[in-house]
Amino acid sequence: MADRSSNKSSPPAAGTFRLGRRAGRILWLACLLVPPILFFVVFLVVPIASALIYSLFEWQGIARAGFAGLANFRQLLFEQPWQDWTTNAFWHNVIVFITLMIVQNGVALVLAYVLGGEPRGTRFYQVVFFLPVTLALVLVGFQWKLFLNPLFGVVNKLLDAVGLEALSQPWLGQTSTALMTLILVNAWRWLGFPTIVFLAGIRTIPREYFEAARLDGANEWHVARHITWPLIAPAVTIIVILTFIGSFNWFDLPFVMAGLDGPPGKATDVLGLYFYRTAFGEVSAGLQDFGLGSALAVLMFLFILAVSIVWTRVLRGREVELS
Amino acid sequence: MKGTLRTLLIALLVAVIGGLALAQTKLTFWSWRVEDADEYNQIIADYQAAHPGVEIEFVTFQASDYATALSAGLSAGEAGDILQVRAYGAFETVAEPGFLLPLDDKVPELQDFPELAVNGERLRSDGRVYAVPFASQTLLIYYNTDTFDQLGLTPPETWDEFLATAQTIKDAGIIPIANGTATAWMDEVFTGMFAPNFYGPEFFDEVVAGETDFTDERFVGALAKLLELRPYMAPDFAGVDYATAQNLFANGLAAMFVGGSWEIANFRDLNPDLNFDIMPGPAAAAGQPRLVSSFLDGGYAVNAASKHQQEAVEFVRFLATKQFGQQFVDLLSNVSPIPGVEFNDPLLAKINDFNQNATPYVFLVGFRYQSPTGSTLIQERLPGMFAGDIDPAQVGREVTDGIATYYQPFQD
């Protein structure tokens, strides 16, 4: 488009035409590139760099004090009680990731496979599964918090109604159930997203592959295992990486449903909540420590970056091999 | 003609702008009390009428964002001239780096304030006072007077009477105590309400001085006593959070609620028909003192970088007068620490009476200055203690160990 319009306005002489065209092209490219680069620098590079710098200083409340070297990192990783808090929150993130991979993405894969066969009502189910994704997360959190209320909530009422009183319990108030409950609510909310991505992957596979396999006598398991699964590898890569990043940046749902302290007794604490409390202060005390908070943010960033890069390479390698 | 008119107009304009600039000093007043904006604006309007030339703008932030907004504003040099600040540790966060103006030499009214209030705004490193205290909070038991009347109950005075009362209420099919343990900070409130009558009036000073710590049998014994309340708390109390507990009490489903004096307005809002009264925690035994835990909520400070310090200090001095205190009490239903203020609201008058027998709310007043704060440590362990996963002695030991990581008096 741009080239064509510059064609019209440029003089016919060959030399000037080329120069004008080239200058126009450079200008055009600059117009396209400068805003996103600026955006990237201002909103990504600068905050990350400043977090890194903040993390190397000691902070007196909100004022920057002396250079601290790696003391903030040492405190988080090797001094009590921070060490306990850091490992506790980290393992919770790991549990979140593993459970979501199994419960959320596993179910999504099965649903996508079934919907890929275009049964009756495919479109209807697609909409139903995707509906929670479109709801505001805060809304989902509050709604489920009400559902799970031990006194008024429908979850326990339903369990009582079908004769399972023994199972009805304060889901969000017990160390043993609180984190799992939050993870399942998260899976309920996000299920539609991996389903749609997997389904899109399945729909790009030419129908002849399935027909040919079935003519050769392949059963459902063989088709799923040797045709569908390898050919949706790119979709799997994306979902694994997104789930990983989402699990380790998890903040909103535990914040809305459990609270900033990760109650009861840090049973729902994750790195996101821990970071917020450390940097900006907790509910009761309000003590802020930007140095310690920044150090935690830097550790989280480096961990997520490193794992994502390695994982993307491994998973992409698998895709290339297959195609 | 045209020229004269133009000259006149310019002269008039200069006079108006100049006059305005001379007459109006504009101050901004930062606060987290979004819900009190109308009342504050009314008080400010009265002040402006008496002080022509000063204009005060009341700017509010959500309470949960206030600390961040204040930090950001102060470090960027854009915060208000007059600032509502928290007390104790959160106050030191902004006072220690020198963002606030010391007021003890500029506001002589502070000398008449009670020590407990002024100490909440005193920086420990230089001993100076940086804010005029505005309200104290007291931990109480709220009780539903209709339920008590129907069951023929009178407010219990001792621990044994309290348990018997709770049993009667439970037998009548009503939840005796609305509280649960799902909201961490409420667990500390719950403990802070009952515990002082078991650990006694001397414990606070001794523990702050390091003469004892939280492994003290008085403190551990107080925690153990709390466990006797479990049969009377909301069913499945582990999952009952702050909002649920408030609703249980406000709607008459529970007969008692343990909370702070700030709940009066909430209950009146939640259910205007609710008839309730307040009492201090029960005494350990007949004839023993009935202490209440009390603490300072916050104060009014002056930004050290304000361009209108003199006017700001003058306004803050007004905020320390009995005239303001009376307006504050009447309009905002809070307990002002200003001496001589009269409480027309019977509940506020009661709280003021209870406060004559107050002990500082132990973790908030004594151990919220450094991380891990005493509050963080105790809140983290209370749900486990109520669930029976850890015993009171372990709670006391772990809280002491956590504080000892930085608190010199606990290290020996």
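This passage looks at two helices that pack together in chain A, and then at the two domains of chain B. Everything here comes from a predicted model.

A pair of packed helices can be summed up with the angle between their axes and the distance between those axes. In chain A, the pair in question is helix α4, covering residues 82-116, and helix α12, covering residues 233-248. Their axes lie 9 Å apart and make an angle of about 140°. Angles over 145 degrees would count as roughly antiparallel, and α4(A) and α12(A) are therefore oblique to each other. As for handedness, α4(A) goes past α12(A) in a right-handed crossing.

Which residues in α4(A) and α12(A) actually meet? On the α4(A) side they are Asn93(A), Val96(A), Phe97(A), Leu100(A), Met101(A) and Asn105(A). Their partners in α12(A) are Ile239(A), Thr243(A), Phe244(A), Ser247(A) and Phe248(A). Sorted by class, the residues of this contact between α4(A) and α12(A) come out as seven nonpolar and four polar, with no charged ones in the mix.

Over in chain B, the domain assignment gives two domains, each written as two stretches of sequence. Domain 1 of chain B takes in 22-134 + 298-352, while domain 2 of chain B takes in 138-294 + 359-410. The centres of these two domains of chain B, taken over C-alpha atoms, are 30 Å apart. Where they touch, nine residues of domain 1 of chain B are in contact with 12 residues of domain 2 of chain B. On the domain 1 side, α4 (88-95) and α16 (346-354) of chain B chip in at least two residues each. That side of domain 1 of chain B is made up of five nonpolar, two polar and two charged residues.

Definitions and conventions
Residues are numbered from 1 along each chain as its sequence is written. Chains are lettered from A and ligands numbered from 1 in the order in which they are written. This is a predicted model: local features need pLDDT of at least 70, side-chain atom pairs count only at pLDDT 80 or more; totals for chains, interfaces and linings use all residues. Axes are lines fitted to C-alpha atoms, for helices over the stretch in contact, and angles run from 0 to 180 degrees between N-to-C directions. Helices (H or I, at least four residues) and strands (E, at least two) are DSSP runs, numbered from the N terminus. Angles under 35 degrees count as roughly parallel, over 145 as roughly antiparallel, 65 to 115 as roughly perpendicular and the rest as oblique. A crossing is left-handed if the near helix is turned anticlockwise from the far one by less than a right angle, and right-handed if clockwise. Two residues are in contact if their C-beta atoms, placed from the backbone, lie within 7 Å. Ala, Val, Leu, Ile, Met, Phe, Trp, Tyr, Cys and Pro count as nonpolar, Asp, Glu, Lys and Arg as charged, and the others, Gly among them, as polar. Domain bounds come from an automatic or database domain assignment.
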